Structure formats: structure tokens, C-alpha cells
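Colleague: Got a minute to walk me through this one? I'd like to start with how you sort residues by exposure, then go through the details.

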Amino acid sequence: MKSEARLLGSCHSDRSMLDVVASRRQFLIATASGAATVSLPKVAVAESEWESQNSNQMKANQRMNRITTKDGLGSRLSELGIVLPAPPTPLGAYVESSDTGNLLFLSGTLPVVNRKLAIAGRLGANLSVKEGQEAARLASLNALAIAKEHLGDIDRLKKLVKLTVLIATTEQFTEHAAVADGASDLFVQILGHEGGHVRLVYGVYSLPIGAPVIVDTIFEIEPEH
């Protein structure tokens with residue numbers, strides 16, 4: 001009985017596919033000859049609707065990837081509810097930003113809020129991976145704040161070319177990549193997946209003023225008109 005059921009099911013499936021093919025052939029012939037209307041079977045209609053929905057989803061995904069180029073970073077930040085902090089000031093005899101050609105280089109940024117270190121410590125000792133990710137995120141927001149101040153218009157920022165994350169860790173700590181994702185995820189959220197960025201992550205024994213991370217960035221920028 002089971003074999004017969006499977007055979008009947010197979011035959012039914014084959015007939016359905018033949019019906020679809022025959023109906024499509026009939027539709028094409030009728031269209032070419034100027035016939036009024038031809039009804040397609042429900043299977044063909046459902047398949048056509050699925051293809052349309054799939055196409056619409058692909059277009060929506062493509063739009064999300066292009067959103068920062070089309071609408072500008074300022075609009076994207078507003079959509080995400082992100083307010084950039086006041087840009088940090090140098091800790092020594094250097095400047096925070098410098099551009100050449102279509103590239104913008106920033107000095108390493110720390111997780112400071114209101115010009116004070118928001119998170120201090122060492123990964124693997126007194127800080128968790130989650131706290132390290134938040135520190136990397138705060139440092140990345142400061143990088144964007146510096147870029148905005150340097151360019152005057154944040155919309156001139158096209159993409160993140162390279163990201164380097166230094167992390168203060170113990171010798172036993174090995175989750176450097178997970179901590180650096182706190183920075184990478186923020187940049188992808190704002191700038192989109194298109195293009196991506198290369199990344200270098202490594203651990204060190206100590207960082208300035210007891211910071212747990214430093215974020216170092218290189219951006220591609222639009223030329224000034």
C-alpha cells in the first residue's frame with residue numbers, strides 16, 4: 001500500500017509539472033496569436049508569486065547595502081538613533097586626523113565619554129568579552145566623531161578601508177576577535193556590508209591611561225568640491 005501511495009504521489013507530481021509546462025506553452029502561443037486570456041494553473045501562479053516576492057526581497061537587501069551611499073551617513077545615523085560624541089583631544093604631540101588623496105587616517109581612539117575613560121582594565125583579568133566589545137564600540141564612535149569634525153560633512157565618508165584594534169589582555173586571553181567585533185559590527189551597521197573592511201587585531205600588555213582597547217582606522221572619503 002505504501003509503495004502504491006508513493007507511486008501515485010510521484011505520478012501526481014509528474015502530472016502537475018506537465019500541466020504547468022503545457023499551460024505555459026499554451027499561454028505563450030495564445031499571447032503570440034493575440035488570444036484574449038489564458039488561465040494558468042494554481043501551481044504556476046504560486047510559483048510566479050514566489051519569484052516576485054523573492055525578487056522584491058533581493059531588491060530590499062540591495063537597497064540596505066546602498067543606503068549610506070544614497071541617503072548619506074547623517075541620515076543613516078539618525079535612523080539608527082546614534083548621536084556621535086564630542087571628538088576627543090590628543091593625549092600628546094600629534095593631531096587626531098590627517099588626509100591625503102581619498103584616504104583619511106585617524107590616530108588611535110580610546111573608549112572615552114565626556115573626555116573621561118568610560119571603561120578601564122584588562123581583558124581576561126577584570127573585564128569580560130562583552131565589556132571589551134562595548135569599549136571597542138565607544139572607541140569607534142569617537143573615531144567617527146573625529147572624522148566628522150575633520151571633514152565638516154560626515155556624508156563625505158565613503159567606507160572603512162582598514163580597522164586595527166589593540167587590546168590590553170592577559171597572556172592567557174584568546175578571544176581577541178570577539179572583542180574587536182564590537183568595533184566591526186558598529187561600522188557595518190552604519191556603513192553597510194558592501195565593501196567590508198580588512199582588520200588587524202592583537203593583544204598588548206598595557207595601553208595609555210589604562211584603556212582596554214585602542215581603535216585605529218583608515219577611511220575612504222569623497223573629494224571636497
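Modeller: Sure. A residue is called exposed when its relative accessible area is over 50%, buried when it is under 20%, and partly exposed in between. Asn 114 has 72% relative accessibility, so it counts as exposed. Keep in mind that this is a predicted model.

Colleague: Where does Asn 114 sit?

Modeller: Asn 114 is in the loop between strand S3 (112-113) and strand S4 (116-117). Its phi is positive, about 55°, although Asn 114 is not a glycine.

Colleague: Which other non-glycine residue has a positive phi, near 50°?

Modeller: Ile 209, with phi near 50°. Ile 209 lies in the loop between S6 and S7, and it counts as exposed because its relative accessibility is 52%.

Colleague: And which nonpolar surface patch is Ile 209 part of?

Modeller: Ile 209 forms one with Leu 91 and Tyr 94, and together they have about 310 Å² of accessible area. Leu 91 comes from the loop between helix H3 (73-80) and strand S1 (97-100). With 56% relative accessibility, Leu 91 counts as exposed too.

Colleague: Let's zoom out. How many helices and strands are in the chain?

Modeller: The protein chain has 5 helices and 7 strands. Going along the sequence, the order is α-α-α-β-β-β-β-α-β-α-β-β.

Colleague: How much of the chain is buried, and how much area does it expose?

Modeller: Of its 225 residues, 34% count as buried. The exposed area is about 13800 Å², and carbon and sulfur atoms supply 54% of that.

Colleague: What share of the contacts is long-range, 24 or more positions apart?

Modeller: It's 78%, taken over contacts with a separation of 6 or more.

Colleague: Give me an example from the interior. Is Ala 211 buried or exposed?

Modeller: Buried, because its relative accessible area is 1%. Ala 211 is in the loop between S6 and S7, where Ile 209 is found as well.

Colleague: What does Ala 211 touch beyond its sequence neighbours?

Modeller: Leaving out residues up to four places away in sequence, Ala 211 touches Leu 110, Pro 111, Leu 117, Gly 121 and Ala 168. Take Leu 110: it is 101 residues from Ala 211 along the chain, yet their C-alpha atoms are separated by 6.7 Å.

Colleague: What about Thr 217, where is that and how accessible is it?

Modeller: Thr 217 is in strand S7, and it counts as buried because its relative accessibility is 0%. Its contacts, again skipping residues up to four places away, include Leu 104, Phe 105, Leu 106 and Phe 187. Lys 162 and Leu 163 are also among them.

Colleague: New topic, salt bridges. How many are there?

Modeller: The count comes to 3. Side chains of opposite charge can pair when their charged atoms come close.

Colleague: Which one has the N and O atoms 2.8 Å apart?

Modeller: That's Arg 199 with Asp 181. Arg 199 lies in strand S6 (residues 198-204) and Asp 181 in helix H5 (residues 176-191), so the pair ties together parts 18 residues apart in sequence. Arg 199 is partly exposed at 32% relative accessibility, and Asp 181 is partly exposed at 29%.

Colleague: Which pair involves strand S7?

Modeller: Lys 158 and Glu 220, which meet at 3.3 Å, N to O. That pair links distant parts of the chain: Lys 158 is in strand S5 (residues 157-168), Glu 220 is in strand S7 (residues 213-221), and they are 62 residues apart. Lys 158 is partly exposed, with 37% relative accessible area, while Glu 220 is buried at 19%.

Colleague: And which pair is in helix H3?

Modeller: Glu 79 and Arg 76, with an N to O distance of 3.4 Å. They are 3 residues apart in helix H3, so about one helical turn separates them. Arg 76 is buried, with a relative accessible area of 11%.

Colleague: Last thing: how many cavities of 30 Å³ or more turn up?

Modeller: The search of the whole structure finds 1, and the largest cavity holds about 30 Å³ of space. Its lining includes Pro 85, Pro 87, Val 112, Arg 115 and Asn 142. Asn 114, where we started, is one of the lining residues as well.

Definitions and conventions. Residues numbered from 1 in each chain as written. Predicted model: local features only at pLDDT ≥ 70, side-chain atom pairs only at ≥ 80, totals over all residues. Heavy atoms only, no water. Helix = DSSP H or I, 4+ residues; strand = E, 2+ residues; numbered from the N terminus. Buried < 20%, exposed > 50% of the residue type's maximum accessible area, 1.4 Å probe, protein only. Contact = heavy atoms within 4.5 Å. Areas by Shrake-Rupley, 256 points an atom, 1.4 Å probe, with all protein chains shown as cover. Patch = residues over 30% accessible without salt bridge, like charges linked within 9 Å, V, L, I, M, F, W, Y side chains within 5 Å. Salt bridge = Lys/Arg side-chain N within 4 Å of Asp/Glu carboxyl O. 1 Å grid on protein atoms, 1.4 Å probe; cavity = no way out; pocket = protein on both sides within 12 Å on 5 of 7 lines; lining within 4 Å. Points joined across faces, edges and corners; volume = space filled by probe spheres on them.
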